[in-house]
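Here are some exercises to work through at your own pace. Try each task yourself before reading the solution below it.

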Amino acid sequence: MQNHVEHSVDLRSDTVTQPCAAMWDAMRSAPLGDDVLGDEPTVARLEAMIAARLGKEAAVFVPSGTMANQLAIRVACGAGDEIIAHEESHIIHYETGGPAALSGAMVRTVRGDGGLFDAGDVTAAVRTRNIHHPVSKMLVAENTQNRGGGTVWGMDRWERVAREAHAHGLHVHVDGARLFNACVASGYSAGAFAKHADTVSVCFSKGLGCPVGSALVGPAAFIERARRFRKMFGGGMRQSGLLAAAAIFALEHNVDRLAHDHANAKAFARGISALRGLRPHVSAEETPTNMVFFHVDPAIGTAQALCARLESKGVRMMGLDPQRVRAVTHRDVDAAGIERAVREIAAAVQGK
Ligand SMILES: Cc1ncc(COP(=O)(O)O)c(C=O)c1O
């Protein structure tokens with residue numbers, strides 16, 4: 001099979017992975033039905049599996065992490081309601097204004113290092129009941145936190161934050177697009193983390209290596225309402241067992257191996273720390289999971305220009321801001337690929 005990633009070291013995102021041969025086999029042999037008509041056996045199996053893994057009653061399989069988050073928001077909030085979230089949240093930066101457009105909800109932001117925050121930030125952000133104010137309805141927290149650098153919530157801090165949110169009657173949602181990265185890095189289980197949340201979205205299409213697919217997990221009645229909105233938003237799928245089979249395979253085979261991606265991210269950060277003009281946001285040893293954000297000295301040029309130079313050498317990364325680059329490790333880049341990337345970056349910045 002022609003595999004684009006064989007020819008380049010693609011560190012733009014962990015979403016670029018291609019299904020491995022065994023995943024294809026699992027997809028090919030999955031029994032299929034029609035999920036909108038309610039008889040898709042492989043989707044049903046995946047939904048039961050991920051719900052059990054997170055210790056929740058039910059799950060709904062959806063095409064994307066964005067849809068999982070937006071369904072949670074749509075069920076938890078109505079027009080004029082407010083969500084509390086970190087200012088670097090995915091739901092704010094990368095979901096095309098979904099909370100406002102789909103649910104009529106606004107977002108009140110909190111701040112904190114690495115995209116994390118404390119219980120006191122929640123207390124301060126919750127509105128008092130007053131005819132002038134929006135109604136605080138929901139807390140959304142990301143684990144891992146993407147724009148914070150792939151950071152991981154510590155369990156004690158998370159428990160305090162979730163408890164405070166619940167004390168104010170908020171629905172607690174975790175954007176767990178990379179929850180399994182957080183689990184592998186921290187040692188806690190997905191269920192232990194999810195216990196403090198009402199709903200959790202998880203993605204199979206990122207570090208877990210699937211081509212498509214995410215799930216929203218939570219109480220049965222909440223998920224039943226989300227299922228209606230999934231249909232309304234055009235996310236009802238038919239023989240989607242094909243995709244669910246990939247997700248089942250990923251949950252069975254691709255979770256523990258995330259540790260390799262984390263080790264590769266550290267090796268990458270170590271490699272570029274040694275290069276003049278490039279500075280990772282945290283030290284190599286502190287690189288929390290599979291993401292490395294690094295600053296590019298303007299003397300070298302812009303982040304975009306550096307990425308363009310490297311693209312022509314078969315190394316792909318993402319220029320996020322004028323001087324900031326993001327590199328993400330995943331199952332289609334091995335240690336040799338990381339060495340090659342560092343070598344090409346060294347050549348690209350040399351003499352600049
Ligand atoms: C933290 C986080 N949440 C949600 C998403 C959305 O996932 P999708 O691209 O499947 O919509 C992403 C995508 O990268 C993400 O990083």
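A residue is called buried under 20% relative accessible area, exposed over 50%, and partly exposed in between. Keep in mind that this is a predicted model.

**Exercise 1. Sort Val282, Ser89 and Thr96 into buried, partly exposed or exposed.**

Solution.
- Step 1: start with Val282, in the loop that links β9 and β10. Its relative accessibility is 39%, so Val282 is partly exposed. Leaving aside neighbours within four places in sequence, Val282 touches Thr287 and Pro288. Its C-alpha is also 8.2 Å from that of Phe293, eleven residues away in sequence.
- Step 2: go to Ser89, in the loop between β3 (81-86) and α4 (90-93). With a relative accessible area of 4%, Ser89 is buried. Leaving aside neighbours within four places in sequence, Ser89 has contacts with Glu142 and Gln145.
- Step 3: finish with Thr96, found in the loop between α4 and α5 (98-103). A relative accessibility of 78% makes Thr96 exposed. Look at its backbone too: phi is near 50 degrees, a positive value in a residue that isn't glycine.

**Exercise 2. Work out which strands stand at the edges of the four-stranded sheet, and what that leaves them without.**

Solution.
- Step 1: write down the order. This open sheet reads β9-β10-β13-β12, and its pairing is antiparallel.
- Step 2: pick out the ends. β9 and β12 (318-321) are the edge strands with a single partner each, so one side of each has no neighbour in the sheet. From one strand to the next, the twist averages 35 degrees.
- Step 3: zoom in on one pair. β10 and β13 run antiparallel and are joined by five bridges. Met291, for instance, has Val328 in β13 as its bridge partner.
- Step 4: see what packs here. Helix α13 (residues 303-311) touches β9, β10, β12 and β13, and its direction makes about 180 degrees with that of β12.

**Exercise 3. Check whether the span of helix α12 is close to or far from the expected value, then find what covers its buried residues.**

Solution.
- Step 1: α12 covers residues 258-273, which is 16 residues. From first C-alpha to last, the helix reaches 23 Å, close to the 22 Å expected at 1.5 Å a residue.
- Step 2: list the buried residues. They are Leu258, Asp261, His262, Asn264, Ala265, Phe268, Ala269, Gly271 and Ile272. Here's a handy rule for reading such a list: an α-helix has 3.6 residues a turn, so residues three or four places apart point the same way.
- Step 3: look for the cover. It includes α8 (179-186), β9 (278-280), β10 (291-296), β13 (324-328) and α14 (335-349).
- Step 4: add the direction. α12 lies across β9, β10 and β13, at about 15 degrees to β10.

**Exercise 4. Find what Gln323 touches, and which backbone oxygen its side chain reaches.**

Solution.
- Step 1: locate Gln323 in the loop between β12 and β13.
- Step 2: skip neighbours within four places in sequence. The contacts that remain include Phe294, His295, Val296 and Asp297. Pro298, Gly301, Thr302 and Ala303 are also among them.
- Step 3: follow the side chain. It reaches the backbone oxygen of Gly301 at 3.0 Å.

**Exercise 5. Trace the seven-stranded sheet and follow β5 to its end and into the loop beyond.**

Solution.
- Step 1: the open sheet has the order β2-β8-β7-β6-β5-β3-β4, with mixed pairing. β2 (58-62) and β4 (106-110) are its edge strands, each paired on one side only. The average twist is 20 degrees from one strand to the next.
- Step 2: β5 (residues 135-142) and β6 (residues 171-176) run parallel and share five bridges. Glu142 stands opposite Asp175 in β6.
- Step 3: Thr144 sits in the loop between β5 and α7 (155-167). The peptide bond from Asn143 to Thr144 is cis, with omega near 0 degrees.

**Exercise 6. Say which residues surround the ligand, and give some of the polar distances.**

Solution.
- Step 1: name some of the surrounding residues. Among them are Ser64, Gly65, Thr66, Glu142, Asn146, Asp175 and Lys206.
- Step 2: check the backbone. An N or O atom of the Gly65 backbone is 2.8 Å from a ligand oxygen atom.
- Step 3: check side chains. Asn146 has a side-chain N or O atom 2.9 Å from an oxygen atom of the ligand. A polar side-chain atom of Lys206 also lies 2.9 Å from a ligand oxygen atom.

Methods: Residues are numbered from 1 along each chain as its sequence is written. This is a predicted model: local features need pLDDT of at least 70, side-chain atom pairs count only at pLDDT 80 or more; totals for chains, interfaces and linings use all residues. Side-chain values use heavy atoms; hydrogens and water are left out. Helices (H or I, at least four residues) and strands (E, at least two) are DSSP runs, numbered from the N terminus. The expected span of a helix is 1.5 Å times one less than its number of residues. Buried means under 20% relative accessible area, exposed over 50%, partly exposed in between (1.4 Å probe, protein chains only). Contact means heavy atoms within 4.5 Å. Two strands pair if DSSP finds at least two bridges between them. Axes are lines fitted to C-alpha atoms, for helices over the stretch in contact, and angles run from 0 to 180 degrees between N-to-C directions. A residue is near a molecule or strand if one of its heavy atoms lies within 4 Å of it. A polar contact is a pair of N or O atoms within 3.5 Å; within protein, one must be able to donate a hydrogen and the other to accept it, and residues adjacent in sequence count only if both atoms are side-chain atoms.
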